[in-house]
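Have the model open in your viewer, with selection by chain and by residue number ready. The tour starts with a whole chain and ends at one pair of helices.

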Amino acid sequence: MRVHFTVNGRPQEADDVWEGESLLYVLRERMGLPGSKNACEQGECGSCTVRLDGVPVCSCLVAAGQAEGRGIVTVEGLAAYARHREDIHPGGGCTSGSCGTSLDAARRWQAEPTDGQSGEAGELAPIQQAFIDAGAVQCGFCTPGLLVAADELLESHPSPTDQDIREALSGNLCRCTGYEKILDAVRLAAARQEEAVR
Amino acid sequence: MAHTPRVSSVPAGTPTDISQGSRTRGGVGESTLRPDGTLKVTGAFAYSSDMWHEDMLWGHTLRSTVAHAEIRSIDIGEAVATPGVHAVLTYDDLPTACKNYGLEIRDTPVLAHGKVRHHGEPVALVCADHPETARRAAAKIKVDYAELPVITDEASATAPGAVLVHESRDDHHIAHVPHPNIVHRQPIVRGDAEAAAQRADVIVRGEYTFGMQDQAFLGPESGLAVPSEDGGVELYVATQWLHSDLRQIAPVLGLPEEKIRMTLSGVGGAFGGREDLSMQIHACLLALRSGKPVKMVYNRFESFFGHVHRHPAKLSYEHGATKDGKLTHMKCRIVLDGGAYASASPAVVGNASSLSVGPYAIEDVDIEALALYSNNPPCGAMRGFGAVQACFAYEAQMDKLAAKLDMDPVTFRQLNAMKRGTLLPTGQPCDSPAPVAELLRLVKARPMPPERQWLAAGGDGRTVDVRALPGGLSNTTHGEGVVRGVGYAVGLKNVGFSEGFDDYSTARVRMEVINGEPVATVHTAMAEVGQGGVTVHAQIARTELGVSQVTIQPADTRVGSAGSTSASRQTYVTGGAVKHSCEAVREELLELGRRKFGSYHPAWATAGLLLEGGKVVTDGGEVLAEVADVLEEEAIDIEREWRHRPTEAFDRRTGQGNGHVQYSFAAHRAVVEVDTELGLVKVIELACAQDVGKALNPLSVLGQIQGGTTQGLGIAVMEEIIVDPKTAKVRNPSFTDYLIPTILDTPAIPVDVLELADDHAPYGLRGVGEAPTLSSTPAVLAAIRNATGLELDRTPVRPEHLTGT
Ligand code: FES
Ligand code: FES
């Protein structure tokens, strides 16, 4: 079958997709976007987390056909997505804690005309920078999924408590870091975000 | 199900270039950031499972569904006929007479022949144009198994008439073991434990059981093999030791080592699980047979069968002490289950025996450690390597003794703590600082986490935040049956490979002027598995050569061996090799300077010239020349091997010998809360103190300590591969059933770092990665015992052990 969707703000299509292929497989092996990771393909580790119309999902559990016509953000598009958050969430973040990215907003968003494939273009998203600065990256295999999940957390809860962070990231396994530095990174990104708002 | 080329692609097997940008500065001792950090947070870092090649095929392994059986026949007819399949291989297709591999003993078949010896053993290989085609074709292969009785423990292994797991052994241990189903056995006898026991006022005994742990690295076993025009093969793979892989691959393929070019591709964690081969030979065989690039990626289910695990163990201990709290003697017997193939079992036995007393001074000991062959999954290297199992048992013993003597458990340990100069049971003196008592003091001196935090989090002193309670959001308690406990433990781990192993590393360092600036390039074959070796190598080069620009070359087999990224050895040994090569480069550069400029300034003739900030300076700080002017168009390029002090084998009968290079020490204090009604445990805090000799990169050191601590926490309360004792089949090969700690299970891990230099090591450093994995498990167990008053002699602790159900 043929699947059309928007990936990191760009319309894409994939041909000859077998019905059993996961969104993760299509992104990694057909779209040339291997940033989302294949650590368990059982929906248990969160390494493959992407946003599907704004909602974080395990892309290994999403059949490629389910993505038809929808908008996907992967780690490769995270920086550009963060830059455009202002368009998506005017006024910066949501204080009620109930708001994610609306479906419409997610669809409206278009990535900058940069090299969204390699993820090398431009500045990093604040959460990406914080992961580097806090030493939250070791082998880095869990990192893309954690970044997507943490970025969504900060979008909906700009000042999370430690318990909030732990709860939000409890679907993402990391085997290397012991999570302390990951907590540090999310706190750091939240603090920087707050600074920026002031 | 044909596979169309993808929209855009990472060029085939391109190793990720982690040349240092301007963002990463800093020399030895600074918390320099990872050179690969930006690539890893943007998704641009190429892991082994990300490799891609135009026209590539997908490989798949058919694995045995039974643990022990004769193979009567294998029928591949239907699989071969499946559209899209390019090759199907069994044992009969192996190209040479060499059909086995192994780290120390070549006992592991590339593909099963005649017999399978464990559940999940590779039997056949398929490659096809889509991974699903390969999987389905493999499922069509018919294997006729005639099942054999399974050996699952010491009793079945050594029973009269027991089937031999390996019917014809010819390895160098067979003459020294009491039974052919024992891989290796190491006794250690020192002093007279029998006589010393007479002096004991109290004696405690314990039988302990340690479960089978999995490394559970997140990046699956994977890689890409590309046949090359000269009949050789390029292999891009995640491993811990490229050259060890190469040595095992070449004879099976029947190719000279030069024709197998190996490049490390991004490694998603290792923890010992990538010391043995997994898909390396399989992918090469499929690529050479099909003439096309072949990618193999295990899924998580297969990963549980694709690598060796931590040895489960049964440990029997006896300790004695006098009334005033002095240890008199220790006797122990440690039985490790090595599973179907030897892997690293002999070395694990060496560690378990020689480190079985832990960081305590005991003169009279009687020790025996052995590893079995069985039909359980093969076990080998995992972080802590033999020392972890022993630490769990001897620390439980220390608590039992302290309780019997009515002494504080920390005071009791401190009273018996080893120090610099203490002899190990092997007779080897510890010739470096051994701050065991101090590490215990540090964790004990930490302020305790506040009581009943769930109430504090609730805000008003009445409502509770269930998230802070055992059971969390499952809302299983509001604090009614919750009790707190505190436990301590300390451990001793050797650093580097022991027992006379030639544990060297190689580094190539190049210095040249690019755009007017001196630039250093470091090339080693060290596997960066996430530990941060690449960061440290650049720091060393900056410190030794006074440059700011350092490029780290991808690790491959074009440079000499770096040894394994394991045993906490890489910063010591490959770091040492980088330092050594940098020193040689510096000497050559200074020699060049002397020839060019020596006549202009007498200081060139003096010793003590340094390279700093791109300049040659005297130790008094006087600038003699710009490095750029010394080098001009020339490049200095030096490859050197580096070795630490040699070690020696342990005596086969007495275990005596200077077998280890260096030791590392860590202590933990665990604070837990247990819901005694449901048997749920919440670890509140797991404080660690460790001596690292010298923190080359303090940020990375913390990361290693916290990561190691968490793996120890995992084995304490949740992690275990469950093998059915009747069938030897693995019951839980998934992340649904094999649990590793999540961020909710992991507490705050405050760390105290000591830096007491070891005079024998580069910069005084001490290997860091493993020690924290030792003591965190027994500390958590001690805390749970303290909370519940239960004996708890096995790990992991499960709810039923706490509720007696
Ligand atoms: S790879 Fe999707 S959850 Fe693990
Ligand atoms: S799994 Fe390796 S950094 Fe998280």
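Start by selecting chain B and showing it as a cartoon: its secondary structure comes to 19 helices and 31 strands. The radius of gyration of chain B is 27 Å, close to the 28 Å that the globule rule gives for 805 residues, so chain B is as compact as a globular protein of that length. Keep in mind that this is a predicted model.

Stay with chain B and turn it around. Along the principal axes, its C-alpha atoms fill a box of roughly 75 × 75 × 65 Å. Now switch on the surface, which has an accessible area of about 26,800 Å². Carbon and sulfur atoms account for 51% of that area. Of the 805 residues in chain B, 65% count as buried.

Next, consider contacts within chain B between residues at least 6 apart in sequence: 79% of them join residues at least 24 apart.

For the last stop, select residues 387-405 of chain B, which form helix 10, and residues 771-788 of chain B, which form helix 18. Two packed helices are described by the angle between their axes and the distance between those axes. How do helix 10 and helix 18 of chain B cross? Their axes come within 8 Å and cross at roughly 35°, and the crossing is right-handed.

Show the side chains here. On helix 10 of chain B, the contact residues include Val388(B), Cys391(B), Phe392(B) and Glu395(B); on helix 18 of chain B they include Leu774(B), Pro778(B), Leu781(B) and Arg785(B). By class, this contact has nine nonpolar, three polar and three charged residues.

Terms used: Residues are numbered from 1 along each chain as its sequence is written. Chains are lettered from A and ligands numbered from 1 in the order in which they are written. This is a predicted model: local features need pLDDT of at least 70, side-chain atom pairs count only at pLDDT 80 or more; totals for chains, interfaces and linings use all residues. Side-chain values use heavy atoms; hydrogens and water are left out. Axes are lines fitted to C-alpha atoms, for helices over the stretch in contact, and angles run from 0 to 180 degrees between N-to-C directions. Helices (H or I, at least four residues) and strands (E, at least two) are DSSP runs, numbered from the N terminus. A crossing is left-handed if the near helix is turned anticlockwise from the far one by less than a right angle, and right-handed if clockwise. Contact means heavy atoms within 4.5 Å. Ala, Val, Leu, Ile, Met, Phe, Trp, Tyr, Cys and Pro count as nonpolar, Asp, Glu, Lys and Arg as charged, and the others, Gly among them, as polar. The radius of gyration is taken over C-alpha atoms; the globule rule is 2.2 Å times the number of residues to the power 0.38. Buried means under 20% relative accessible area, exposed over 50%, partly exposed in between (1.4 Å probe, protein chains only). Accessible areas come from the Shrake-Rupley method with a 1.4 Å probe; for residues, only the protein chains shown count as cover.
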